[in-house]
Amino acid sequence: MKVDAIKLSFLTYLRHLEFYDYLALTWFILTFIIFIIFAIVIAKRSSALSLLLIIFALMFFVFTPFALKFKLNELLRTTHIEVLSTKKLTYSESLIVEAHIVNASQKELKHCLVETKLIKKNPSEGFFSLINRLKPIENQSMLVQEPLKKGETLDYKTIFDDFSYQGDVVAYITAECY
């Protein structure tokens with residue numbers, strides 16, 4: 001289930017790349033190549049410095065794409081999410097989550113990939129809350145194909161069927177809109 005959600009998120013991101021995404025990816029590739037070339041040139045003088053530069057370039061290669069995606073989403077495709085209610089139905093094993101998704105970016109968004117995670121309710125918002133978010137009780141991803149104009153609000157509702165957990169839960173919703 002988690003692999004399908006990651007695959008859907010990645011494919012949705014690739015389909016909706018824009019000019020600034022291509023610009024950032026070009027910068028990333030060129031910078032990585034410059035680091036490697038610089039390490040090769042320095043290798044004749046100092047092998048230790050060259051090795052450190054290659055290690056730095058590999059760390060740059062692993063972590064920078066995630067940082068670029070996060071920063072571009074924050075700057076170009078900003079959304080605000082407000083969870084309105086999380087209701088466990090009395091006569092069926094279903095749970096309903098309702099939320100508002102607000103377009104806070106400067107442009108119209110055409111699609112949103114909305115991921116809803118249900119985690120155990122924890123009175124403290126510290127370390128255990130973070131651990132619970134990494135391993136949610138239930139997880140659901142949905143591609144909403146409804147356009148969202150600048151400043152407009154989208155009413156979002158999702159239903160978790162066969163939800164048998166008896167304790168209190170908290171819904172965390174994330175949206176990647178393009």
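This dialogue goes through the sheets, a helix pair and the largest pocket of a predicted model.

Biologist: What is the strand order in the open sheet that contains S3, and in which sense do the strands pair?

Modeller: Strands of a sheet pair through backbone hydrogen bonds, either parallel or antiparallel. Here the three strands are ordered S4-S3-S6, and the pairing is antiparallel. Strand S4 (138–144) and strand S6 (169–177) are the edge strands; each has a single partner, so one side of each lacks a neighbour in the sheet. Direction ignored, neighbouring strands are turned by 15° against each other on average.

Biologist: How many bridges pair S3 with S4?

Modeller: Seven bridges hold the antiparallel pairing of strand S3 (residues 112–120) with S4. For a point of register, look at Cys 112, which stands opposite Val 144 in S4.

Biologist: Which helix packs on this sheet, and which strands does it touch?

Modeller: Helix H4 (residues 127–134) does, and it touches S3 and S6. The direction of H4 makes about 125° with that of S3.

Biologist: What is the order of the open sheet that contains S2?

Modeller: That sheet has three strands in the order S1-S2-S5, with antiparallel pairing. S1 and strand S5 (153–161) stand at its edges with a single partner strand each, so each has one side without a neighbour in the sheet. From one strand to the next, the twist averages 20°.

Biologist: Which residue stands opposite His 100, and how many bridges join S2 to S5?

Modeller: Strand S2 (residues 94–103) and S5 run antiparallel and are joined by nine bridges. His 100 stands opposite Asp 155 in S5.

Biologist: Turning to the helices, are H2 and H3 roughly parallel or roughly antiparallel?

Modeller: A crossing angle over 145 degrees counts as roughly antiparallel. The axes of helix H2 (residues 19–42) and helix H3 (residues 47–76) cross at roughly 170° and come within 9 Å. H2 and H3 are therefore roughly antiparallel to each other. Their contact has 22 nonpolar residues, three polar and one charged.

Biologist: How much space lies in the largest pocket, and which residues lie nearest its centre?

Modeller: The largest pocket holds about 1,200 Å³ of space. Its lining has 32 residues, with Ser 9, Lys 69, Asn 73, Thr 174 and Glu 176 nearest the centre.

Biologist: Which elements each supply at least two residues of that lining, and which supplies the largest share?

Modeller: Helix H1 (2–15), H2, H3, strand S1 (79–88), S3 and S6 each supply at least two residues. H3 gives the largest share, with eight residues. By class, the lining of the largest pocket has 17 nonpolar, seven polar and eight charged residues.

Conventions. Residues numbered from 1 in each chain as written. Predicted model: local features only at pLDDT ≥ 70, side-chain atom pairs only at ≥ 80, totals over all residues. Heavy atoms only, no water. Pairing = 2+ DSSP bridges. Helix = DSSP H or I, 4+ residues; strand = E, 2+ residues; numbered from the N terminus. Axes fitted to C-alpha atoms, helices over the stretch in contact; angles between N-to-C directions. Contact = heavy atoms within 4.5 Å. Parallel < 35°, antiparallel > 145°, perpendicular 65-115°, else oblique. Nonpolar A, V, L, I, M, F, W, Y, C, P; charged D, E, K, R; others polar. 1 Å grid on protein atoms, 1.4 Å probe; cavity = no way out; pocket = protein on both sides within 12 Å on 5 of 7 lines; lining within 4 Å. Points joined across faces, edges and corners; volume = space filled by probe spheres on them.
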